[in-house]
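Trainee: Before I rely on the labels attached to this protein, could we go through what each of them rests on?

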Amino acid sequence: MIKFKIETWGCQMNEYDSQKMAGILKKAGYIETQSEKDAEIIILNTCSVREKAVHKIHSRLGVLKKRFKGEKILGVCGCVASQEGRALLEKVPYLQFVLGTRSTHLISKAVEQAQNGMRFLDADDHESEMDHPVTFAERSGQTKAYISIIEGCDNFCTYCVVPYTRGREHSRPLQTILDEVRDVVQNKNIHEIELLGQNVNSYNYRGTRFPDLLEAVSAEPGVQRLRFLTSHPKDFSERLVRVIAANSNICRTIHLPMQSGSDVILRKMGRKYTRAEYLEKIEMIREILPENWLSSDFIVGFPGESEKDFMETMDVIRSVKYDNLFSFKYSPRPGTAALKLKEPAVLNSAASRRLSILQHTQEQIQLNKHLRMINRIFPVLVESVSKKNPDFLTGRTEGNHVVHFKAGRGAQLIGRIVNVEIKSVTMASLKGVLI
Ligand code: SF4
């Protein structure tokens, strides 16, 4: 039996694509392994959102070549494959196939060709392929199912490579999404669903908009927890928040990427909202959903970002007090409009300092928020046995906090929602006891 290993970099969408490819290959008779030594086929599902991620992939390819001296079939899928296409195949002579983000359904064909000594490249659009229900995705061992509702992005934020790697927006049919939800709930026994899209709020399938879709998925029997990712602030509506408020199985966890607290920088980023408009939406969320967990993304060191601009970002972070933040230094990406900006680049040392101030501040905010959770009881979806201590289980609260707790009944609780009283916390996670 021929074994394959998929290594996944990047976002939830890539994880979902890897699950789809694993499902296709298993159906075709291949066996999945986590061991690179045992695998005959190694597939790198890649991310190109930052330069560092692309470097890592090239260096990983070099390591695999050196380690296995051409004994393995090597393939690259995902965003680097979409972005570099044929050039990647030409640049890396020992690579057997390159499959773009919209070509993952061709994984079996690519592998077969490689086994017959032929190289394979496909980075085409294949838009209609996205309309079929993905009931073949490999979801064993999962307690949460990713389901893509819209692929691609039309926003073209000036720093972002996604519209070039994942293509134009394409909303998947409502019925296809509902079929996938029913499949995971009824056949895979998974009760937490996360709807994915680069901008879920742009969802529009023949007039069905995102709040309608969310309502429909929430009404499906067996959906205990429903999340979604990612929202663009310009499209984030009050109607959506009211749908969340009216349905108790939709998590009050909202990821609303702000990217910068400065209007000058937001304009240069092409984000199409102002600081005041963004903060109004935060206020609206907090008014309608008194219990809520907010997270965001911020970029520091965007070209032309002054100390004043950065202070405006810090001001937002200190006043909103997010439950979680994802923060990065600006990374120039090929083909993006930000490369043409006249503004001077921010020195790497200044960007690093800003990132460290931002992250340190957020750590304090997060720790204080976690401290307030002590002695309170939270429903936790049990995900796995703790990697550090087999006597402990690990799960997540509705607010996405990682919780470790001791459980006598152990692994049988995986996939269930249990009540846990929080007893101690760190900045990164919570520890509690099963109630
Ligand atoms: S909304 Fe902007 S940041 Fe998000 S994927 Fe689209 S272009 Fe990139």
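Mentor: What follows takes the labels in turn and sets each value against its definition.

Mentor: This is a predicted model, in which local features need pLDDT of at least 70 and side-chain atom pairs count only at pLDDT 80 or more, while totals for chains, interfaces and linings use all residues. Residues are numbered from 1 along each chain as its sequence is written.

Trainee: Why is Trp9 called buried or exposed, whichever applies?

Mentor: A residue is buried if 20 or more other C-beta atoms, placed from the backbone, lie within 10 Å of its own, exposed if 12 or fewer, and partly exposed in between. Trp9 has 21 other C-beta atoms within 10 Å, and therefore counts as buried. Its place is in the loop between strand E1 (3–8) and H1, where helices (H or I, at least four residues) and strands (E, at least two) are DSSP runs, numbered from the N terminus.

Trainee: Which residues does Trp9 touch?

Mentor: Two residues are in contact if their C-beta atoms, placed from the backbone, lie within 7 Å. Leaving aside residues up to four places away in sequence, Trp9 touches Asn14, Asn45, Thr46, Cys47, Ala53 and Ile57. With Thr46, which is 37 residues apart from Trp9 along the chain, the C-alpha separation is 5.2 Å.

Trainee: What makes the burial class of Arg206 what it is, and what is the class of Asn400?

Mentor: Arg206 has 7 C-beta neighbours inside 10 Å, so it counts as exposed. Asn400 has 14 other C-beta atoms within 10 Å, and is therefore partly exposed. Arg206 lies in the loop between strand E10 (204–205) and strand E11 (208–209), and its phi is near 45°, a positive value in a residue other than glycine. Asn400 is found in the loop between strand E17 (392–397) and strand E18 (402–406), and although it is not a glycine, its phi is positive, at about 75°.

Trainee: How do you know that E7 and E8 pair?

Mentor: Two strands pair if DSSP finds at least two bridges between them. Two bridges join strand E7 (residues 144–151) to E8, and the strands run antiparallel; the cut-off is two, so they count as a pair. Within E8, Ser171 stands opposite Ile150.

Trainee: What is the order of the strands in that sheet, and what makes a strand an edge strand?

Mentor: Four strands form an open sheet in the order E8-E7-E9-E12, with mixed pairing. Strand E8 (170–171) and strand E12 (225–229) are the edge strands, as each pairs on one side only. Helix H1 (residues 12–27) packs on this sheet, touching E7, strand E9 (192–197) and E12, and its direction makes about 105° with that of E7. Helix H6 (residues 174–187) lies across E7 and E9 and runs at about 175° to E7. For these angles, axes are lines fitted to C-alpha atoms, for helices over the stretch in contact, and angles run from 0 to 180 degrees between N-to-C directions.

Trainee: Which strands close into the barrel?

Mentor: Five strands close into a barrel in the order E16-E17-E18-E20-E19, and the pairing is mixed. The twist averages 55° from one strand to the next. E16 and E17 run antiparallel and are joined by five bridges, with Val380 opposite Thr397 in E17. Strand E16 (residues 377–385) is also joined by five bridges to strand E19 (residues 417–425), again antiparallel, and there the bridge partner of Val380 is Val418. A hairpin joins E19 to E20 through three residues.

Trainee: What makes up the class count of the shell around the ligand?

Mentor: A residue is near a molecule if its C-beta atom, placed from the backbone, lies within 6 Å of it. The residues around the ligand are Cys153, Asn155, Phe156, Cys157, Cys160, Val162, Pro163, Gln198, Asn199 and His232. Ala, Val, Leu, Ile, Met, Phe, Trp, Tyr, Cys and Pro count as nonpolar, Asp, Glu, Lys and Arg as charged, and the others, Gly among them, as polar. By that division, the shell has six nonpolar, four polar and no charged residues.
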